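Here's a quick run through the charged side chains in this one. Pull up the model and follow along.

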Amino acid sequence: MPENDAIRQTPGNTEWFTHDRFGMFIHWGLYAMPARHEWVKTNEQISEEKYDKYFKYFNPDLYDPREWARYAKEAGMKYVVLTARHHEGFCLFDTKYTDYSVMHTPYGKDLVREFVDAFRAEGLHIGFYYSLLDWHHPDYTLDRFHPRRDTEDIDEFNELRSMKKYAEYMRNQVTELLTNYGKIDIMWFDFSFRDEYRGMKGKGRDDWEAEKLIAIVRKLQPDIIIDNRADIEQDLWTPEQVQPTEWVRDDNGRRVVWEACQTFSGSWGYHRDEQTWKSPELLIRMLINTVSCGGNLLLNVGPTSRGYFDSRAVNTLTEIGRWMKYHARSIYGCTQADYEAPGDVRYTQNGRRLYAHIFAYPFRTLVLKGFADRIDYAQFLHDGSEILYDIDEKENAVTFHLPVIKPDVTVPVIEIMLK
Ligand code: GLC
């Protein structure tokens, strides 16, 4: 790495974050009931009256966040980000500023409180996702994503609405979230957009009054990590549903702290009929790929409306946990390596430990170049069994001698001790 390639410094404390590498995203709200994507209200342009049915009957009777926290922990996740409020505007927390919250559903208890207590008890860092869009609030004006975008007269709809009041509403709620639940580690705002539609403008930092909003966050929780989506660069860059193949950089080419967010299937909210579930192996590789490029992975679960993780999610988390149990050392505290790996291998590195993740298991030998002059010892990470090797000094190459049968782990890793 060239010396001037330093990682951009920002106000939040990202030290624990870049160590921990792996987190759980949770998208939960009324949309778990239609179970057809968290954007269902706008995708299907559902009327308030019809959408109110979900509010009227929302009652996650099987909600047990301690169980969620155990799943997250066993999968090797070290932090969690929960949608305290998504675009539909429904609040999972107790708030003074609207009746459109869980407190006024049949469930009637603060879901966020129980959530925070449970995850904290398992030692995970806590983050809140908070939507900047709101498809329910009476002051929120029409835009291209709004469910009423095609059916309302723009001027009439907006006439009594005030984004100024809405921005104040957000400040009030964010104040609640950051004062009522103890130490919060991440604030994940979502999202800003410039696109126009039928003469309706996009929304960005001016509409959210993002500077004021962020100032409040920093004041209430000085160490907190804030994402970039309020349209002002903060601590965290968040590529969504794409896997960067190199370290993410800002517009000036500086390396930044980044976190890829990914779904198990194509939806963030619980989607009963969606079938494009990624295999556990693919997800494990995505985690490795992410860390090999110096990033974090935030992997999403969409709980059901009764409050539990469905079997597809549980099975996937369990598989990931099975791998993480033996390989966490090549993830936590690791980052992009000093060496370049061949196509079928991904490196991560933690100081003098280099980890070679073998994506395509070869016959008997694996040749890796660049560190032959530094190698001291090598072993499989999963069982700590020695791997013998030969050195070719001229080529600066190491030939590892592998067993013919691939070890019974999803992605085998060679742990290489460097001098
Ligand atoms: C988005 C979507 C969304 C999801 C999020 C996660 O921009 O609007 O539904 O919450 O990204 O990154």
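What follows is a short tour of salt bridges, a charged surface patch and one histidine.

Keep in mind that you're looking at a predicted model. Side chains of opposite charge can pair when their charged atoms come close. In this structure, the count of salt bridges comes to 30. Below are some of the pairs, then a linked group, and then a couple of other spots to click on.

**Salt-bridge pairs**

- Start with Glu44 and Arg36, which make a salt bridge with their closest N and O atoms 2.8 Å apart. Glu44 is partly exposed at 41% relative accessibility, and Arg36 is also partly exposed, at 35%.
- Next up is Asp185, paired with Lys183 in a salt bridge whose closest N and O atoms sit 3.1 Å apart. Here the acid is buried, as Asp185 has just 7% relative accessibility, while Lys183 is partly exposed at 48%.
- Then there's Lys212 with Glu209, another salt bridge, where the closest N and O atoms are 3.4 Å apart. Lys212 comes out as partly exposed, with a relative accessible area of 47%. Glu209 has 13%, so it falls under the 20% cut-off and counts as buried.

**A linked group**

- Salt bridges can also join up: Arg8, Glu233, Asp250 and Arg254 are connected in a network of them.

**A negative patch on the surface**

- Which residues gather in a patch of negative charge on the surface? They are Glu152, Asp153, Asp155, Glu156 and Glu159.
- Glu156 is a handy one to zoom in on, and you'll find it in helix H6, which covers residues 154-158. Its relative accessible area is 62%, and because that is over 50%, Glu156 counts as exposed.

**A buried histidine**

- For a contrast in setting, head to His327 in helix H11, which spans residues 311-327.
- Is His327 buried or exposed? It is buried, with a relative accessible area of 0%.
- The His327 side chain does have a polar partner: one of its polar atoms lies 2.8 Å from the backbone oxygen of Trp323.

**To recap**

- Among the buried residues here are Asp185, Glu209 and His327.
- Glu156, by comparison, is exposed and belongs to the negative patch.
- Glu44, Arg36, Lys183 and Lys212 are partly exposed.

Note on methods:
Residues numbered from 1 in each chain as written. Predicted model: local features only at pLDDT ≥ 70, side-chain atom pairs only at ≥ 80, totals over all residues. Heavy atoms only, no water. Salt bridge = Lys/Arg side-chain N within 4 Å of Asp/Glu carboxyl O. Buried < 20%, exposed > 50% of the residue type's maximum accessible area, 1.4 Å probe, protein only. Patch = residues over 30% accessible without salt bridge, like charges linked within 9 Å, V, L, I, M, F, W, Y side chains within 5 Å. Areas by Shrake-Rupley, 256 points an atom, 1.4 Å probe, with all protein chains shown as cover. Lys, Arg positive; Asp, Glu negative; His and termini not counted. Charge placed at Lys NZ, Arg CZ, Asp CG, Glu CD. Helix = DSSP H or I, 4+ residues; strand = E, 2+ residues; numbered from the N terminus. Polar contact = N/O pair within 3.5 Å; in protein donor to acceptor, adjacent residues only side chain to side chain.
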